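Let's take a walk through this fold together, starting from a single side chain and working outwards. Keep the viewer open as you read.

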Amino acid sequence: MIEILLIIILLVCLSILRVVKAPTTTKKDVKEVILIQERLKDFVHQRCEIVLQEPSWMIDIAYSTIGVIQDYDDEWLMIVIQKSKKEIKKVIRISQIKDIKEIKEK
């Protein structure tokens, strides 16, 4: 009997945790993503610095990275980064981007 009660309590706690952890999008977030998408049109095939809202260790970008924007769609951005003699392609979610800065070639 106690085991069943513990299982029910565990399931209720897990469902509450899932609701609490669910990301909520606000109008401000949507506007920022739309602004970034509009700015991306000007930066395709140009060398830029991409600044993220928070560190993304999964794709090995702490706060910002410099590279050439290859392509983008409604949700993702592909950037080519030059590391020593290798070109590395990274895919970044547009909603994670805080700012895009053009880097002038000398």
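**Starting from a buried glutamine**

Q37 is buried, with a relative accessible area of 19%. The cut-off for calling a residue buried is under 20%, so Q37 makes it into that class at 19%. Bear in mind as we go that this is a predicted model. Where does Q37 sit? Its place is in helix α2. And what does Q37 touch, once residues up to four places away in sequence are set aside? The list is Y72, D73, D74, E75 and I94. Hang on to E75 from that list, as we'll come back to it.

Now zoom out to the helix itself. Helix α2 covers residues 27–43 and lies across β1, β2, β3 and β5. Against β5, helix α2 runs at about 25 degrees.

So what is the helix lying on? Have a look at the sheet: it's an open one, built from five strands in the order β4-β3-β2-β1-β5, with antiparallel pairing. The edges are taken by β4 (86–93) and β5 (97–102); each has a single partner strand, so one side of each is left without a neighbour in the sheet. From one strand to the next, the twist averages 40 degrees. As a reminder of what holds such an arrangement together, strands of a sheet pair through backbone hydrogen bonds, either parallel or antiparallel.

Let's go across the sheet pair by pair, beginning at the β4 edge. Strand β3, residues 76–83, pairs with β4 in the antiparallel sense, and eight bridges link the two. If you want a spot to centre on, try M78, which stands opposite V91 in β4. Further along, β1 and β2 run antiparallel and are joined by five bridges. Here V51 has S64 in β2 as its bridge partner. Then comes the pairing of β1 with β5, again antiparallel and over five bridges. In this pair I50 stands opposite I100 in β5.

Next, the charged side chains. Side chains of opposite charge can pair when their charged atoms come close. How many salt bridges does a search of the whole structure find? Two. One joins D99 to R39, with the closest N and O atoms 2.9 Å apart. D99 lies in strand β5 and R39 in helix α2, so this pair ties together parts that are 60 residues apart in sequence. Are these two residues buried or partly exposed? D99 is partly exposed at 23% relative accessible area, and R39 also counts as partly exposed, at 33%.

The other salt bridge brings back E75, which pairs with R93; their closest N and O atoms are 2.2 Å apart. R93 belongs to strand β4 and E75 to the loop between β2 and β3, so the pair ties together parts that are 18 residues apart in sequence. R93 is partly exposed, with a relative accessible area of 30%, and E75 is partly exposed too, with 39%. Recall that E75 is also one of the residues touched by Q37, so the loop residue that pairs with R93 is in contact with the buried glutamine of helix α2 as well.

Now follow the chain past the β5 edge strand. I103 is found in the segment after β5 and counts as partly exposed at 25% relative accessibility. Leaving aside its neighbours within four places in sequence, I103 is in contact with R47, C48, E49 and I66. Take R47 from that set: I103 and R47 are 56 residues apart in sequence, yet 5.7 Å apart in space, C-alpha to C-alpha.

R47 itself lies in strand β1 and is partly exposed, with a relative accessible area of 34%. What does R47 touch beyond residues up to four places away? I66, G67, V68, E102, I103 and E105. For another distance to check in the viewer, the C-alpha atoms of R47 and V80 are separated by 9.3 Å, with their positions 33 residues apart along the chain.

Last stop, the other end of the chain. I7 lies in helix α1, residues 2–21. Together with L10, L11, L14 and L17, I7 makes a nonpolar surface patch of about 480 Å².

Technical notes:
Residues numbered from 1 in each chain as written. Predicted model: local features only at pLDDT ≥ 70, side-chain atom pairs only at ≥ 80, totals over all residues. Heavy atoms only, no water. Pairing = 2+ DSSP bridges. Helix = DSSP H or I, 4+ residues; strand = E, 2+ residues; numbered from the N terminus. Axes fitted to C-alpha atoms, helices over the stretch in contact; angles between N-to-C directions. Contact = heavy atoms within 4.5 Å. Patch = residues over 30% accessible without salt bridge, like charges linked within 9 Å, V, L, I, M, F, W, Y side chains within 5 Å. Areas by Shrake-Rupley, 256 points an atom, 1.4 Å probe, with all protein chains shown as cover. Salt bridge = Lys/Arg side-chain N within 4 Å of Asp/Glu carboxyl O. Buried < 20%, exposed > 50% of the residue type's maximum accessible area, 1.4 Å probe, protein only.
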